[in-house]
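Colleague: Please take one part of this model and go through it closely with me, explaining each term as you use it, because I am still learning how to read such pictures.

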Amino acid sequence: MRWEIILAIFLLFFLVGHIFSSMYAAHCIYTATLKRKDKEQWGRTVPIPTEQSLQMDAEGMQWQKEHDAYKQDVHIVRDGLNLYGEYYDFGSDKAVMILSGRTESLRYGYYFARPYSSSGFNVLVVDSRAHGLSDGVYNTVGFEESKDVIAWTKYLQDEHKVKTLVFHGICIGAAAGMLAITSPDCSEAVKGIVTEGMFVNFGESMKNHLIERKRLIFPVLQCVDWWMKHYTGHSMMRGPIDVIGTMDKPILMIQSKKDKYSTPENAEKLFMKCPSLHKSLLWYETGDHSMLRITDTVKYDSAISAYLKTYFINH
């Protein structure tokens with residue numbers, strides 16, 4: 001009996017230690033991934049300089065330079081946070097709102113603006129909460145960001161008389177756009193959405209990051225989600241897959257078959273669950289997550305131009 005008690009105590013200490021170590025590891029992962037420490041982090045610079053990201057940044061800055069005369073610095077307040085953006089007004093009543101991914105500011109959005117401005121759409125690029133000049137500490141993987149998007153939509157309607165608005169979202173920006181466009185609070189002025197690298201939920205993306213880094217999935221993933229719920233009230237186990245079933249507006253999904261985080265299998269699930277009669281899925285055989293336009297710019301821009309012409313131009 002004495003050895004059974006000793007063994008039970010040992011197992012209990014082991015279990016408690018494992019739980020605490022998992023919670024500590026999960027907290028480190030959560031804060032490194034989704035918490036902003038100061039405004040220098042996730043600012044208006046290239047977060048991870050690589051050959052591709054620097055080329056994208058240079059091309060985006062070239063677009064901005066060409067259109068700087070049309071720029072208006074814009075600002076709204078929601079949830080007690082000052083949120084900042086830039087609006088490029090070409091005199092149209094149609095606009096696109098470009099929603100960048102995690103760690104990326106509005107400067108990243110410049111790179112995706114050209115097919116829209118070439119099609120006669122005004123362009124709004126925004127610093128998401130906790131990015132760029134905007135206030136905030138936590139990235140909520142699309143949940144609170146979607147409410148910010150709805151507030152920006154109202155601003156565009158009230159202050160700039162926008163009648164037709166399209167979202168263009170990349171990764172978490174795509175999740176924010178999808179959560180916004182399917183919300184009952186979303187304006188009827190929002191007519192469609194283009195997504196790149198949209199995940200079913202951020203938990204799946206986090207799981208794939210853990211796999212890539214050869215980390216334990218269980219219970220670390222569940223502990224990371226616990227911390228997210230603790231700090232933000234939202235679970236990363238929910239996301240676009242839970243709302244896309246009510247999406248009935250034109251949607252263009254852009255997806256790489258080599259995406260390791262928002263996997264092609266999950267893109268298929270999203271596409272199949274979407275009931276819109278006007279949906280299309282543009283596949284890239286190669287290309288990294290959130291970096292498809294640079295892989296084949298003509299293919300990317302042509303698809304967006306055709307999407308806009310089909311559903312929104314001369315309508």
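Modeller: What follows is a close look at the open sheet, together with some of the elements and side chains that belong to the rest of the picture.

This is a predicted model, in which local features need pLDDT of at least 70 and side-chain atom pairs count only at pLDDT 80 or more, while totals for chains, interfaces and linings use all residues. Residues are numbered from 1 along each chain as its sequence is written, and side-chain values use heavy atoms, with hydrogens and water left out.

The sheet has eight strands in the order S1-S2-S4-S3-S5-S6-S7-S8, and their pairing is mixed. Strand S1 (71–78) and strand S8 (279–284) are at its edges with a single partner strand each, so one side of each has no neighbour in the sheet. From one strand to the next, the twist averages 20 degrees. As for the terms, helices (H or I, at least four residues) and strands (E, at least two) are DSSP runs numbered from the N terminus, and two strands pair if DSSP finds at least two bridges between them. In general, strands of a sheet pair through backbone hydrogen bonds, either parallel or antiparallel. Strand S3 (residues 94–99) and strand S5 (residues 164–170) run parallel and are joined by six bridges, and valine 96 has valine 166 of S5 opposite it.

In the loop between S5 and H6 we find cysteine 171, whose phi is near 55 degrees, a positive value in a residue other than glycine. Most residues other than glycine have a negative phi. Cysteine 171 counts as buried because its relative accessibility is 10%; buried means under 20% relative accessible area, exposed over 50%, and partly exposed in between, with a 1.4 Å probe and protein chains only. Its sulfur is 19 Å from the closest cysteine sulfur, that of cysteine 274, which is too far for a bond. Cysteine 28 is partly exposed, at 34% relative accessibility, and its sulfur is also too far for a bond, with the closest cysteine sulfur, in cysteine 223, 12 Å away. A search of the whole structure finds zero disulfides, a disulfide being a pair of cysteine sulfur atoms within 2.5 Å.

Helix H6 (residues 172–181) is mostly covered, with ten of its ten residues buried; among them are Ile172, Met178, Leu179 and Ile181. These buried residues pack against S3, S5 and S7, against strand S6 (190–196), and against helix H5 (143–160) and helix H7 (202–212), where contact means heavy atoms within 4.5 Å.

Towards the edge strand S8, helix H9 (residues 264–273) lies across strand S7 (251–256) and S8, and runs at about 170 degrees to S8; axes here are lines fitted to C-alpha atoms, for helices over the stretch in contact, and angles run from 0 to 180 degrees between N-to-C directions. Leucine 270 belongs to helix H9 and counts as buried because its relative accessibility is 0%. Leaving aside neighbours within four places in sequence, leucine 270 is in contact with Met198, Phe199, Val200, Pro240, Ile241, Ile244 and Met253.

One of those contacts, Phe199, brings us to the aromatic rings. The structure holds 17 aromatic pairs. In one of them, phenylalanine 199 and phenylalanine 202 have ring centres 5.6 Å apart and planes at 75 degrees, so this pair is edge-to-face. Rings of Phe, Tyr and Trp (its six-membered ring) pair if their centres lie within 6.5 Å, and planes under 30 degrees apart count as stacked, over 60 as edge-to-face and the rest as tilted. Both phenylalanine 199 and phenylalanine 202 are buried.

Lastly, the loop between H7 and helix H8 (220–232) contains proline 219, which a cis peptide bond joins to phenylalanine 218, with omega about 5 degrees. Lysine 214 is in the loop between H7 and H8 as well; its phi is positive, about 55 degrees, although it is not a glycine. Lysine 214 is exposed, with a relative accessible area of 76%, whereas cysteine 171 is buried.
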